[in-house]
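Subject: That structure you asked about

Hi there,

Here is the structure I promised to pass on. Have a look at it first, then read my notes underneath.

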Amino acid sequence: MKCGQGTAVLVIRVGDPFCRGCFREYFVHKFRAMLGKNRVIFPGEKVLLALSGGSASSAMVRQVQEGLSREAAKRLRFVPGLVYVEEGAVRRQSLEQREQTLARMETLLQATGFPYHLIHLEEALELPPSILQPGPEQSGKSGPSGPSYKAAVDSFIQQKRQEGVDGDSATSLPGHPTQDMPVGPPGTHRLPDAAQTQELLRIFEAVETSTAREELLQMLRTHLILQTARSRGYSKVMTGESCTRVAIKLLTNLSLGRGAFLAVDTGFTDKRHGDVMVVRPMRDYTAKEIAFYNHFFNVPTVIVPPLFTKRREKPSIHHLTERFLLGLQEDFPSTISTVYRTGEKLSPDPAKASSESQRCLLCLCGLDIEGEEELALEPTLIWDEPEPVENGCCQQGAERKAAYIPLLCYSCRLTFKELGPLTTLPPYVRAEAQRRIHSAEMEQQKQNEKPSKR
C-alpha cells in the first residue's frame, strides 16, 4: 500500500493491495490524468455527460462531481450537464416499470445538482435528417489554428478575474445553466404517447437478428444524445465506457466488419460528428475497479433489463463476444488489458471522409468500398428482388432498398440488410438517404450533360 498505514481491503492486481483511502486517491488520479493527458476539454466548455444508470457512467458522474467541489485540489473548469435516454419500450418494461425507472433516475440526476435532460427513445422518430450530417468543426478550441490548452486556461482565469470572480471558484458551475433544468418536481415526466411507442416497437420487431437490433438501438441512442448536445450548446459528450467495455466493443466491431473504424469507435476521442466531440474518460478503468469504487463509496446506480430478443433467436454477436472475453479473463487475467492496449495502436485516419459522397449514411465514417468486387464485400451488393409496396408494384428510385447500399460502409450494409423493409426504418434515415440519392442523381446528370455541350 502507498500509505503504509491503512488496512488492505482490495487487491486490483497481484501484489498491489489498497486501503480505502489509497484506492480513492488512485481512482480519482486516474480520471484526472486521463483528462489532463489528452487536453481536449477547454475551460468554460459545456460538456454533456451521458448517464445510463450503469456502474461506469455513474462512477464518471461522481468523478465530475468531486472534481467540481470546493474541496478538490485542482478543480475541473468545464460546465457539466447530464442526459439520460429512457429505453423501457424496447426493453419490454411495462408502463409502471418505466415510470418507476424514470422516477429513480430523476432522483439520481437531481441529486447531482447538474442540469439534466430526460429523453425517451421514441423521440428518435422525430429527429431531423441533419443529425446524419457532421456539423462544422469548431475553430479556436484546439488544433493548429486554435490556441494552446495552456493559453486557453490562462485566458479563462484572467477573464474570470476581470469579472471580479476568482478563476477557480468560477468553475463550480453545476447549477449555472439553470435554463436546462426540467420544470416540475420528480415524477412529473410524462411517457410518450402509445402511438409513438407502438411505432418504435414496430421498427425493432421488423429487425431480423438480435445483432442488428443492438446496432439499431446504439445508433438511435447516439443520435438522440448528439441532438441534445447540439440543441443545448454542448461541444463535448462524455460517455462511460470502461476498459472492459472498450475491449469487448473492439472485438465486436471487428467481427461486424468495422475494422477500419476501431480507432474512432473505441478511442478516447471521436470527432466524426464535427461540432460535437465524444470523449471516453473511463476507458482506463476495469469493470472490477469501477464495481469496487461504487461499492466502497456508495455510488447509486439504476439497472435496466436487457434488450428484448425473439423466441428461439440466436444471441447477438455483442453478447457472444462479451461472454467469450470475460470467460478468457477468468483464466488469463491480462486478456482485457491486452485487447485494450492493442486498440491503442490504431489510427483514426481510415474513418475520415473527404466528402459527403465518401461518408457512410449511418455511422458517418468513410466508405471502405475500394475494390468492392473482391472478397466479402461483393455479396453485400446482391439483392434478390425489389420489395413490393402496398399496390403490388415494385419500389422505384430512392424507395428501393438496393439504392441505399452505395451510401453505406461495409459493416452498415450488413446491418442494413437485416433491418427489415424500408417502411420500418426511422423517418430521418429515409429522408436523409433520399436527399443524398437525389443529390447524386443530379450530379450525375450534370456530368453527363457536359460532354454533349462541347
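His223 sits in helix H6, which runs over residues 210–232. This is a predicted model, by the way, so please read everything below as computed from that prediction. Is His223 buried or exposed? With a relative accessible area of 3%, His223 is buried. And which residues does His223 touch, once you leave out those up to four places away in sequence? The answer is Leu127, Ile131, Leu132, Leu362 and Tyr428.

Now for the wider view. The chain has 454 residues, and 48% of them count as buried. It holds 13 helices and eight strands. Take the contacts between residues at least 6 apart in sequence: 76% of those join residues at least 24 apart. The accessible surface of the chain is about 22900 Å², and carbon and sulfur atoms account for 52% of that.

Next, the sheet. Six strands form an open sheet with mixed pairing, in the order S5-S4-S3-S6-S8-S7. Which strands are at the edges? They are strand S5 (116–120) and strand S7 (269–270), and each of these pairs on one side only.

Let's walk through some of the pairings. S4 and S5 are parallel partners, joined over five bridges, and Val83 stands opposite His117 in S5. To get from S4 to S5, the chain passes through H3, and this β-α-β crossover is right-handed.

S3 and S4 also pair in the parallel sense, again over five bridges. Here Lys46 stands opposite Val79 in S4, while Leu49 has Leu82 in S4 as its bridge partner. Leu49 also stands opposite Met238 in S6, and that fits the parallel pairing of S3 with S6 over three bridges. Further along, strand S6 (residues 236–238) pairs with strand S8 (residues 277–279), in the parallel sense and over three bridges. The bridge partner of Lys236 in S8 is Met277.

How much of S4 is covered? Eight of its eight residues are buried. On one side of S4 you'll find Val79, Gly81, Val83 and Val85, and on the other Pro80, Leu82, Tyr84 and Glu86, all of them buried. For S3, five of its five residues are buried. Both faces of S3 are covered too: Lys46, Leu48 and Ala50 are buried on one side, Val47 and Leu49 on the other.

Helix H2 is worth a look as well. It covers residues 55–68, which makes 14 residues. From its first C-alpha to its last, H2 reaches 20 Å, close to the 20 Å expected at 1.5 Å a residue. H2 is mostly covered, with 12 of its 14 residues buried. Among those buried residues of H2 are Ala56, Met60, Val61, Val64 and Leu68, and the list also includes Arg62 and Glu66.

What do the buried residues of H2 pack against? They pack against helix H1 (20–38), strand S3 (46–50), strand S4 (79–86), helix H3 (95–112), S6 and helix H9 (287–296). If you colour those elements in your viewer, you can see H2's partners together with the strands S3, S4 and S6.

Last, the cysteines. How many disulfides does a search of the whole structure find? Zero. Cys19 is in no disulfide, and the nearest cysteine sulfur, that of Cys22, is 3.5 Å away. A disulfide needs the two sulfur atoms within 2.5 Å, so this pair does not count as one. Cys19 is buried, with a relative accessible area of 8%.

Why is Cys363 not bonded to Cys360? Cys360 has the closest cysteine sulfur to that of Cys363, but the distance is 3.6 Å, which is too far for a bond. Cys363 counts as buried too, at 10% relative accessibility.

That's what I have for now. Shout if anything is unclear.

Cheers

Key
Residues numbered from 1 in each chain as written. Predicted model: local features only at pLDDT ≥ 70, side-chain atom pairs only at ≥ 80, totals over all residues. Heavy atoms only, no water. Helix = DSSP H or I, 4+ residues; strand = E, 2+ residues; numbered from the N terminus. Buried < 20%, exposed > 50% of the residue type's maximum accessible area, 1.4 Å probe, protein only. Contact = heavy atoms within 4.5 Å. Areas by Shrake-Rupley, 256 points an atom, 1.4 Å probe, with all protein chains shown as cover. Pairing = 2+ DSSP bridges. Expected span 1.5 Å × (residues − 1). Right-handed = clockwise from strand over helix to strand, strands pointing away.
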